[in-house]
Protein chains: 2
Amino acid sequence: MKRVMLTVAYDGTNYCGWQIQPNGITIEETLNRHLSRLLREPVRVSGASRTDAGVHALGNLCVFDTETRIPAEKICYAVNQSLPPDIVAQKSQEVPLDFHPRKWESVKTYEYTVYNQPLPNPVARLYSYFVYRPLDVERMRRAAAFLVGEHDFQSFCSAGSQVETTVRTVYSLEVDQEGPRIRIRITGSGFLYNMVRIIAGTLLRVGSGFWEPEKAGEILAARDRAAAGPTAPAKGLCLMEIRLKNPPFS
Amino acid sequence: MKRVMLTVAYDGTNYCGWQIQPNGITIEETLNRHLSRLLREPVRVSGASRTDAGVHALGNLCVFDTETRIPAEKICYAVNQSLPPDIVAQKSQEVPLDFHPRKWESVKTYEYTVYNQPLPNPVARLYSYFVYRPLDVERMRRAAAFLVGEHDFQSFCSAGSQVETTVRTVYSLEVDQEGPRIRIRITGSGFLYNMVRIIAGTLLRVGSGFWEPEKAGEILAARDRAAAGPTAPAKGLCLMEIRLKNPPFS
């Protein structure tokens, strides 16, 4: 037996998120079905990040165990032959049998994309959140600065998550503009449930002038979800990369 | 009666192109249906560019005549309330009753997007052509230089088009790379049937090393469609803008 780690990219538009659930097709079950058919054994993947319905990913990670004699690094090319075009395995590699990317220290990068002009762009609609109110990126940057570092992010965590602590470290939080596209790029060791989307929703309130940038610091201090902005829509979010720190393989 | 010009953006993925046809939904008929319902009279739009099935647009133009008392500039906001999310009117304005953007001198800009990396990106798949062979952008630029200017583009015109002359002027043809995305941007006064897609297919042959850049000049001289590269897939193409030269309105 060997353990294989798969780097997987997907367009979340037509999926009910990563995790298997009774009412709708998910990324996890689609991977299981195609890997099981390819490897001729029941395969169950275990993901590093259980992205929500509609969220996209360029570099999510998962592992699975298999008896196959197909070399680990060839599995991604083989499974791509049958996977639907909105899920593409980017890499496959053998890892130690006890390795799991969710339990390993890593730096995760998410991007939240906003499309900011008076009328929507149909070609961008599936991968960005359309905002017609003019946004001030400089204000968003000033608000973002309050959130960088180790903080209790309880205000930026949706109810229903069960975690021991709501303290997390944000390594960087950048806001970039390129024409009508505004990209919020955040890196951290880990994120609470809906944390990136609530941060995006909060920065958008600041960008539109509804709140002052200093409000971001007050929201942190409040430790209350009701103090923060709304959860921005899923389709603007993309899990860009999970970079493992000194992994036990090359 | 007044004539209204509509600037329209659309995601061509789910349409059989612009022009009304018996077997499939088109942009033209969708606009007719929604404008007729809004204005409570039969509306027939007439387009500046009849884009092919699967081709996208950010700034196609069309005109229609109407008896409505709704101000011309408000029609785009009103019709967007009922249009599907993959078609968005960007602007509406009154123009002279005898004005037609297809008959007026203009500068058209198209972009052809290629996604060039070893494995496809599912999030880019609907709006770019995936090419896994590494492409040399510098070679593509050298080939592109042969096509700028006034030339007989018969080699870059699909059979079946009925035009008086195949001489056209390309004002600029730029090839830009940003990470795995390669964008071919072309401006001209007008283009032959499939001309931009055949130019893209030809530049890709040069970029992959199959042809030398100088081949582009030989293809022009051959005046034979069989000499050029293949017609690149529709989904990579987007009609960016039709800029009217000194239009008779502001």
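Copies are superposed by least squares on the C-alpha atoms of residues with pLDDT of at least 70 in both. This is a predicted model, in which local features need pLDDT of at least 70 and side-chain atom pairs count only at pLDDT 80 or more, while totals for chains, interfaces and linings use all residues. Residues are numbered from 1 along each chain as its sequence is written, and chains are lettered from A and ligands numbered from 1 in the order in which they are written.

**View 1. Relation of chain B to chain A.** A turn of 180° with a shift of 0.0 Å along the axis lays chain B on chain A with an RMSD of 0.0 Å. That is the relation of a two-fold axis.

**View 2. The contact between the chains.** Chain B and chain A each give 18 residues to the contact (C-beta atoms, placed from the backbone, within 7 Å). On the side of chain B that touches chain A, strands S1 (2-10), S3 (56-66) and S4 (87-95) of chain B each give two or more residues (strands, E, at least two residues, and helices, H or I, at least four, are DSSP runs numbered from the N terminus). S4(B) gives the most, with three residues. By class, this side of chain B has 12 nonpolar, three polar and three charged residues (nonpolar: Ala, Val, Leu, Ile, Met, Phe, Trp, Tyr, Cys and Pro; charged: Asp, Glu, Lys and Arg; polar: the others, Gly among them). Since 100% of the interface residues of chain B are also interface residues in chain A, the copies meet through the same surface.

**View 3. The end of helix H4 of chain A.** H4(A) is followed by A:Gly209, whose phi is positive, near 90°.

Definitions and conventions:
Contact = placed C-beta atoms within 7 Å.
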